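Welcome! Please take a moment with the sequence and the model below before reading on.

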Amino acid sequence: MAGRGEDGFSPSNIMKNEMIAVILAGGQGSRLKDLTKNSAKPAVPFGGRYRIIDFTLSNCVNSGVHNIGVITQYQPLTLNNHIGNGASWGLDHLDSGVTILQPYSNKEGSKWFEGTAHAIYQNIDYIDSMDPEYLLVLSGDHIYKMDYGDMLRVHKEKKAALTVAVIDVPWDEASRFGIMNTDENNRIIEFEEKPAQPKNNHASMGIYIFNWQRLRSVLINGFTKEIPMIDFGKNVIPFYIKSGDNVFAYNFAGYWKDVGTIQSLWEANMEFIDGRGGLNIRDRSWRIFSKNPIAPPQFITDTATVSDSMIVDGCFVAGNIDHSILSANVQVKENSLVKDSVIMPDCSIGKNVKISHAIIGENSVIGDNAVIEGTDEVAVVGNNEVIGVKTNED
């Protein structure tokens, strides 16, 4: 164990608030349709055993960032219950913690978050209480592994006021993202929000490191003088560039997926099965942690066939599973086929059912003889939805 310094604090305690993280996790995720009808997008199940926010939380812990605020707004109950006191990520110790930051009211009225930067502004008191030198701002709805410590090292080397993580996306998709135009030193000289004719394909990942006192001053000055500072992309980053602040890009070359649409969520799950893109879930040096239910072992009957699939605890399988993910406590009865699909937790699938190219939401029931097949688009059954006739069998 490291010894304590003359001031009574251990080295780990001295460093713990050099950088804290704030995760923006309040989005509705309307493009995920009925999968987010009752919960925020970061709480959507992924990969059988996880929820989307687990990847960002685990990246923080693996990067040595142990004080995290999670900003919620839309339907936060599932997300709040999932995160709890942070014990599943080792965030329940004296020198670490996770804090749920929700909208509130004071004598001036309601405090609903109007944008990404506005959400940070509304939580200045929380950030000040942690007294960080650097603020790491993250999105809670992406699938990736990333060492934020390496990004901080580059931020310091460049003497940056703001560093933005960027990834090169396919040119035909660049117009969907905020694009960072850089010079030969990787300094960001122009930001374009979803340009029709992008000048490059360096897309913002929604990951930022700010010098906290500078950002604090910019936000307070902006909202005091009614200068728009609602969003980082639309307002804050252009302001930094125009003001001559040192704004640099941090190039990321690993796997990263924005799972904000049904198609991208399905694709990411299929890539998860296949191990494509370098997202090695079995890497013990960079684990993805989660809060998992206590469930009995999976049971696969003698009538079942399973190939190229992930089957999680609590599952009962009597049918045929091909290249699919069955999350916790899923039942698939006799003569049913699940192919190229994602079945979220606590679903019940009856007999003689055919499911392919689909996502089946949490707690849904698929009655006997139902057919759910996606063709050009992924078929979706929403959370708690009942398709067909539910039988009384266990």
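The paragraphs below go through cores, strands, sheets and a few single residues.

This is a predicted model, in which local features need pLDDT of at least 70 and side-chain atom pairs count only at pLDDT 80 or more, while totals for chains, interfaces and linings use all residues. Residues are numbered from 1 along each chain as its sequence is written, and side-chain values use heavy atoms, with hydrogens and water left out.

Let us begin on the inside. In soluble globular proteins, nonpolar side chains tend to be buried together. Here, a residue is called buried under 20% relative accessible area, exposed over 50%, and partly exposed in between (1.4 Å probe, protein chains only). A nonpolar core is a set of buried Ala, Val, Leu, Ile, Met, Phe, Trp, Tyr and Cys residues joined through side-chain atoms within 4.5 Å. The largest such core has 39 residues, and the members that touch the most others are Ile68, Leu136, Leu138, Met146, Tyr148 and Ile207. At least two residues of this core come from each of strand S1 (19-24), helix H2 (53-62), strand S4 (67-71), helix H3 (77-83), strand S8 (134-139), helix H6 (148-157), strand S10 (162-168) and strand S13 (202-211). Helices (H or I, at least four residues) and strands (E, at least two) are DSSP runs, numbered from the N terminus. Another core, of 35 residues, lies apart from this one and includes Met130, Leu135, Leu215 and Tyr240.

For a closer look at one core member, try methionine 146. Contact means heavy atoms within 4.5 Å. Neighbours within four places in sequence aside, methionine 146 is in contact with Asn59, Ser63, Met151, Ala165, Met205, Ile207, Tyr250, Phe252 and Trp286.

Now follow strand S8, where 6 of 6 residues are buried. Which residues cover its two faces? Tyr134, Leu136 and Leu138 sit on one side, Leu135, Val137 and Ser139 sit on the other, and all are buried. Two strands pair if DSSP finds at least two bridges between them. S1 and S8 run parallel and are joined by 6 bridges, with leucine 138 of S8 as the bridge partner of isoleucine 23. S8 also pairs with S13, in the antiparallel sense over 4 bridges, and there leucine 136 has isoleucine 209 in S13 as its bridge partner. Strand S14 (residues 247-251) is mostly covered too, with 4 of its 5 residues buried. It runs parallel to S10, and 5 bridges join the two; one of the bridge pairs is threonine 163 with phenylalanine 248 in S14.

Further along the chain, look for two open sheets. One has 5 strands in the order S17-S20-S23-S26-S29, with parallel pairing. Its edge strands, each pairing on one side only, are strand S17 (305-307) and strand S29 (371-373). On average, neighbouring strands of this sheet are turned by 5 degrees against each other, direction ignored; axes are lines fitted to C-alpha atoms, for helices over the stretch in contact, and angles run from 0 to 180 degrees between N-to-C directions. Within the sheet, 3 bridges join the parallel strands S20 (residues 320-322) and S23 (residues 337-339), and aspartate 322 has lysine 339 in S23 as its bridge partner. The other sheet has 6 strands in the order S16-S19-S22-S25-S28-S31, again with parallel pairing. Strand S16 (299-300) and strand S31 (386-387) are its edge strands. Strand S28 (residues 365-366) pairs with S31 over 2 bridges, where valine 365 stands opposite valine 386.

Histidine 323 is worth a stop. It is found in the loop between S20 and S21 and counts as buried because its relative accessible area is 13%. A polar contact is a pair of N or O atoms within 3.5 Å; within protein, one must be able to donate a hydrogen and the other to accept it, and residues adjacent in sequence count only if both atoms are side-chain atoms. The side chain of histidine 323 makes polar contacts with the side chains of aspartate 274 at 2.8 Å and aspartate 340 at 2.9 Å.

Two loop residues come next. Most residues other than glycine have a negative phi. Lysine 159, in the loop between H6 and S10, has a positive phi of about 55 degrees, and is exposed because its relative accessibility is 66%. Asparagine 329 has a positive phi of about 60 degrees, and its relative accessibility of 25% makes it partly exposed.

Finally, the cysteines. A disulfide is a pair of cysteine sulfur atoms within 2.5 Å, and the structure holds 0 of them. Why does cysteine 315 have no such bond? The closest cysteine sulfur, in cysteine 347, is 9.7 Å from its own, so the distance is too far for a bond.
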